[in-house]
Amino acid sequence: MVCLGNICRSPLAHGILEYKIKLNKLDNIEVDSAGTGSWHIGNKPDQRSIEIANKNGISIQNQRARQITAVDLIEFDVIYAMDSSNYKDIKKLDSSEKNQHKIKLILDEVNSVNNNNVPDPYYGGDNGFEHVFELLDKACNSIIKNLKDE
Ligand code: 4NP
């Protein structure tokens, strides 16, 4: 799960998917998150993300931000970008171009959305975080469904 800062959107996506994986007893699936940027390395998720996750019974407060590296593109099977800007930046990391097929926009997992970018809630109010949570919850439900069908 990758966004820009790894403190707002991708920690939520990480926490939600991990929670649903446990709930559905889908073993041996590792979830992680990272940012394309380096500003927040080592930081906890944004308090507003921690709060919306808590409100939904999910704990993300022990996560710490890190920056995505080219090694992640080798080690992980799927890389979900939160928006098209993150998507382009991740693609640029893959200099061999061998792993381009692993890189996806997370909202492409949801059929019913017109805009497939998860909006960046960083400079907005709390309701931006609720909206982000709802979008990511839907996307993670689709991911789980696909994993179960595999
Ligand atoms: P995120 O949100 O990419 O969802 O973690 C942001 C967090 C921090 C900044 C931008 C977006 N920032 O500019 O510091």
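## Helix H2 and its neighbours

Just after helix H2 comes Gly57, and its phi is positive, near 80 degrees. Keep in mind that what you're looking at is a predicted model. At the other end, where H2 starts, Asp46 lends a hand: one of its side-chain oxygens comes to within 2.8 Å of the backbone nitrogen of Arg48.

H2 itself runs over residues 47-55, and its buried residues are Ser49, Ile50, Ile52 and Ala53. What lies over them? The cover includes helix H1 (9-23) and helix H5 (126-149). If you look for a pattern in the numbering, it helps to know that an α-helix has 3.6 residues a turn, so residues three or four places apart point the same way. Try it on Ser49 and Ala53, both in the buried set of H2.

## Helix H1, largely enclosed

Now move to H1. This helix has 15 residues, and from its first C-alpha to its last it reaches 21 Å, close to the 21 Å you'd expect at 1.5 Å a residue. Is H1 largely enclosed or largely open? It is largely enclosed by the rest of the structure, because 11 of its 15 residues are buried. Among them are Leu12, Ala13, Ile16, Leu17 and Ile21, but the list also takes in Arg9, His14 and Lys20.

Those buried residues have plenty of company: they pack against strand S1 (2-3), strand S2 (34-35), H2, helix H4 (84-93) and H5. After H1 you'll find Lys25, which has a positive phi, near 50 degrees.

## Around the ligand

Which residues surround the ligand? They are Cys3, Leu4, Gly5, Asn6, Ile7, Cys8, Arg9, His40, Asp120, Tyr122 and Tyr123. Arg9 is a familiar name here, as it is also one of the buried residues of H1.

Some of these neighbours make polar contacts with oxygen atoms of the ligand. In the case of Arg9, an N or O atom of the side chain is 2.8 Å from a ligand oxygen. The side chain of His40 also has an N or O atom 2.8 Å from an oxygen of the ligand. With Asn6 it's the backbone that takes part, as one of its polar backbone atoms is 3.3 Å from a ligand oxygen. Taken alone, the ligand would expose 350 Å², and the protein buries 92% of that.

## Two tyrosines side by side

Tyr122 and Tyr123 both appear in the set around the ligand, and they're worth a second look. The model has one aromatic pair. The ring centres of Tyr122 and Tyr123 are 4.8 Å apart and the planes sit at 75 degrees, so this pair counts as edge-to-face; the cut-off for that label is over 60 degrees.

How exposed is each tyrosine? Tyr122 is partly exposed, with a relative accessible area of 30%, whereas Tyr123 is exposed, at 76%.

## Unusual phi angles in two loops

Most residues other than glycine have a negative phi. Asn28 goes the other way: it isn't a glycine, yet its phi is positive, about 60 degrees. You'll find Asn28 in the loop between H1 and S2, where it is exposed, with a relative accessible area of 83%.

Glu97 is another example, a residue other than glycine with a positive phi near 60 degrees. Where does Glu97 sit? Look in the loop between H4 and strand S4 (103-105). Glu97 is exposed, with a relative accessible area of 61%.

Note on methods:
Residues are numbered from 1 along each chain as its sequence is written. This is a predicted model: local features need pLDDT of at least 70, side-chain atom pairs count only at pLDDT 80 or more; totals for chains, interfaces and linings use all residues. Side-chain values use heavy atoms; hydrogens and water are left out. Rings of Phe, Tyr and Trp (its six-membered ring) pair if their centres lie within 6.5 Å; planes under 30 degrees apart count as stacked, over 60 as edge-to-face and the rest as tilted. Buried means under 20% relative accessible area, exposed over 50%, partly exposed in between (1.4 Å probe, protein chains only). Helices (H or I, at least four residues) and strands (E, at least two) are DSSP runs, numbered from the N terminus. Contact means heavy atoms within 4.5 Å. A polar contact is a pair of N or O atoms within 3.5 Å; within protein, one must be able to donate a hydrogen and the other to accept it, and residues adjacent in sequence count only if both atoms are side-chain atoms. The expected span of a helix is 1.5 Å times one less than its number of residues. A residue is near a molecule or strand if one of its heavy atoms lies within 4 Å of it. Accessible areas come from the Shrake-Rupley method with a 1.4 Å probe; for residues, only the protein chains shown count as cover.
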